[in-house]
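These are my notebook entries on a structure that was new to me. I set down what I looked up, in the order in which I looked.

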Amino acid sequence: MLSIRDLSKTYANGVEALKGVSLEIPNGMFGLLGPNGAGKSTLMRTIATLQDPDTGSIRLGDLDVLADKPAARRQLGYLPQEFGVYPKVSAEAMLDHFAMLKGVTQRGERRDLVAALLKQVNLHDVRKRKLGTFSGGMRQRFGIAQALIGAPKLVIVDEPTAGLDPEERQRFLNLLAEIGEQVVVILSTHIVEDVTELCQRMAIIAQGQVRLTGEPRETIRALEGRVWRRAVDKTALPHYREKMNVLSTRLVAGHTVIHVLADAKPEDGFTSVPPDLEDVYFGQLRHAAATAKAA
Ligand code: ADP
């Protein structure tokens, strides 16, 4: 459905934000997981036709996205990382305005569309309220409503759950899941659980490169039997980091618990644990950091 080939982008300051990124993104929810600075926003903005890559191509079905941006824009909805709204305008009036800008010029049609979208994102009851009074979660749901104007085939959401409380976050993810049943949704995030809970497919991106792509469950299965845990003293951490492939350190009820990747039990005191997506993710990040250091 969405086919990204060999995208590269170096900013004027010399930062290589994308280094030959290729991805095949089918229908459904796709998670783009990576740490801050990995290149996610650069990739999202490039797909949304807001900036050009230095090289590479993007196809949405039969459409050459970079060659025909107006056509691409008609088929995509975008919720940017920083989504600004006029705080003094009501949700209903603002959405009406966005619909107008997107070419829904017929008044009755626009009224129906705005009402339907506000219902879909569960903001119809508060449609008269000023956007400035909305919570973070409400604002993000409003952002989704505007992204859905024009029935896009592709919806791009950039780090949408950062800053939401757990309940708002869950509500927002449920909404995305519903939308993902009909269209391609790309969710960029640095929060592993967003992907675990929601995405049929995912990619891990670090330092401008795709490190891994696949179904979350499959990537987890590949680590089966190779993740070991142990509670350690915090002061011993450097020792373990030096000696073993430490995936992560977590604070569990006041104890420092490390996860180590190894084909066999690293030493007495370690127990085997079922791997999860965090293990996959941290393993890839460590690998990326090690390759960068070696280069
Ligand atoms: P992410 O969304 O994963 O945090 P970004 O795409 O925002 O990553 O950034 C990737 C890298 O490119 C970072 O090192 C960032 O500082 C740099 N970068 C992003 N935008 C610009 C820009 N407009 N000019 C220069 N450097 C940029």
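**Entry 1: Gln284 and its surroundings.** I began with Gln284, which counts as buried because its relative accessibility of 18% falls under the 20% limit for that class. I should record at once that the model is a predicted one. I then looked up where Gln284 sits in the fold, and found Gln284 in helix 10, which covers residues 277–294. Next I listed the partners of Gln284, leaving out residues up to four places away in sequence: Gln284 touches Ile204, Arg211 and Leu212.

**Entry 2: The chain as a whole.** I turned to the overall make-up and counted 10 helices and 14 strands in the protein chain. Along the principal axes, the C-alpha atoms fill a box of roughly 70 × 45 × 35 Å. The protein chain has 295 residues, and 48% of them are buried. I also looked up how contacts are spread along the sequence. Of the contacts between residues at least 6 apart in sequence, 68% join residues at least 24 apart.

**Entry 3: Surface and charge.** I noted an accessible surface of about 14700 Å² for the protein chain, with 49% of this area belonging to carbon and sulfur atoms. For the charges, I found 38 positive and 35 negative ones, and their mean positions lie 4 Å apart.

**Entry 4: The ligand.** Which residues are the closest to the ligand? I found Gly37, Gly39, Lys40, Ser41 and Thr42 in that role, within a shell of 13 residues that surround the ligand. Helix 1, residues 40–47, supplies the largest share of this shell, with 4 residues.

I then went through the distances to oxygen atoms of the ligand. For Thr42, a polar side-chain atom is 2.5 Å from a ligand oxygen. For Lys40, the distance from a polar side-chain atom to a ligand oxygen is 2.9 Å. In the case of Ala38, a backbone N or O atom lies 3.1 Å from an oxygen atom of the ligand. The ligand taken alone exposes 560 Å², and the protein buries 65% of that area.

**Entry 5: The loop between strand 7 and helix 6.** I looked up two residues here, Glu159 and Pro160. Pro160 is placed in the loop that runs between strand 7 (154–158) and helix 6 (166–180). Is Pro160 buried or exposed? I entered Pro160 as buried, because its relative accessibility is 0%. Apart from neighbours within four places in sequence, Pro160 is in contact with Leu79, Gln140, Phe172, Leu187 and Ser188. I also checked Pro160 against Arg141, which is 19 residues away along the chain, and found 9.5 Å between their C-alpha atoms.

Glu159 also has its place in the loop between strand 7 and helix 6. With a relative accessibility of 8%, Glu159 counts as buried. Its backbone drew my attention too: phi of Glu159 is positive, at about 45°, although the residue is not a glycine.

**Entry 6: Another positive phi.** Where does Asn122 lie? I located Asn122 in the loop between helix 4 (107–120) and helix 5 (136–147). The phi of Asn122 is near 65°, a positive value in a residue other than glycine.

Conventions:
Residues numbered from 1 in each chain as written. Predicted model: local features only at pLDDT ≥ 70, side-chain atom pairs only at ≥ 80, totals over all residues. Heavy atoms only, no water. Buried < 20%, exposed > 50% of the residue type's maximum accessible area, 1.4 Å probe, protein only. Contact = heavy atoms within 4.5 Å. Areas by Shrake-Rupley, 256 points an atom, 1.4 Å probe, with all protein chains shown as cover. Lys, Arg positive; Asp, Glu negative; His and termini not counted. Charge placed at Lys NZ, Arg CZ, Asp CG, Glu CD. Near = heavy atom within 4 Å. Polar contact = N/O pair within 3.5 Å; in protein donor to acceptor, adjacent residues only side chain to side chain.
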